[in-house]
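Biologist: I would like a close look at a single part of this protein, set carefully in the context of what surrounds it. Please take the time to define the terms as you go.

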Amino acid sequence: MQTHGYLVSEIMAAIMRSHFMNETTNIFIGGHKFFRHSRSLVGNRIRWTCAKKHKFKCKASAVTIDGIVVSTTGLHSHS
């Protein structure tokens, strides 16, 4: 299965690596680093924003539920 061009298995592997290294404060999707922006009070929904949001005004973001990427929005404004 693919989500916005990324294989779910690749996304899950990146989340797992990040989880063990940083207690899920960041994830990597398609080679881009994302920081945890907010966590829902009910359930396990987390919103992530690109790590270069402020430096490059990048609008890329992602949402995970129970560690699975369910959506990504915006394009990265950097390489």
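Which residues make the nonpolar surface patch of about 230 Å²?

Modeller: The model is a predicted one, in which local features need pLDDT of at least 70 and side-chain atom pairs count only at pLDDT 80 or more, while totals for chains, interfaces and linings use all residues. Residues are numbered from 1 along each chain as its sequence is written, and side-chain values use heavy atoms, with hydrogens and water left out.

The nonpolar surface patch of about 230 Å² is made by Ile65, Ile68 and Val70. A patch here consists of residues with over 30% relative accessible area and no salt bridge, where nonpolar side chains (Val, Leu, Ile, Met, Phe, Trp, Tyr) are joined within 5 Å and like charges within 9 Å. A salt bridge, in turn, is a side-chain nitrogen of Lys or Arg within 4 Å of a carboxyl oxygen of Asp or Glu, and accessible areas come from the Shrake-Rupley method with a 1.4 Å probe, only the protein chains shown counting as cover for residues.

To place these residues, the protein has two helices and seven strands, which follow one another from the N terminus as β-β-α-β-β-β-α-β-β; helices (H or I, at least four residues) and strands (E, at least two) are DSSP runs, numbered from the N terminus. Ile65 belongs to strand β6, and Ile68 to strand β7, which covers residues 68–73. With relative accessible areas of 36% for Ile65 and 42% for Ile68, both residues are partly exposed, a class that lies between buried (under 20% relative accessible area) and exposed (over 50%), with a 1.4 Å probe and protein chains only.

The loop between β6 and β7 holds Asp66, which is exposed at 53% relative accessibility and has a positive phi of about 55° although it is not a glycine. Most residues other than glycine have a negative phi. The C-alpha atom of Asp66 is 8.5 Å from that of Ile46, a residue 20 positions away along the chain, and Ile65 has its C-alpha 9.0 Å from that of Arg47, with the two positions 18 residues apart in sequence terms.

Arg47 leads on to a second patch, a positive one, formed by Arg45, Arg47, Lys53, Lys57 and Lys59. For such a patch Lys and Arg count as positive and Asp and Glu as negative, His and the chain ends not being counted, and the place of a charge is taken as NZ of Lys, CZ of Arg, CG of Asp or CD of Glu. Among its members, Lys53 is in helix α2, residues 53–56, and is partly exposed at a relative accessible area of 31%. Lys57 lies in the loop between α2 and β6, the latter spanning 61–65, and is exposed at 68% relative accessibility. Lys57 also has a positive phi of about 55° although it is not a glycine.

As for the interior, 30% of the 79 residues of the protein count as buried. One of the buried residues is Ile27, with a relative accessible area of 0%, in strand β3 (residues 26–29); its C-alpha is 9.9 Å from that of Ala62, although the two are 35 residues apart in sequence. Cys50 is buried at 2% relative accessibility, and Cys58 is buried with a relative accessible area of 3%. The whole structure contains zero disulfides, a disulfide being a pair of cysteine sulfur atoms within 2.5 Å. The sulfur of Cys50 is 3.7 Å from its closest cysteine sulfur, that of Cys58, and this is too far for a bond.
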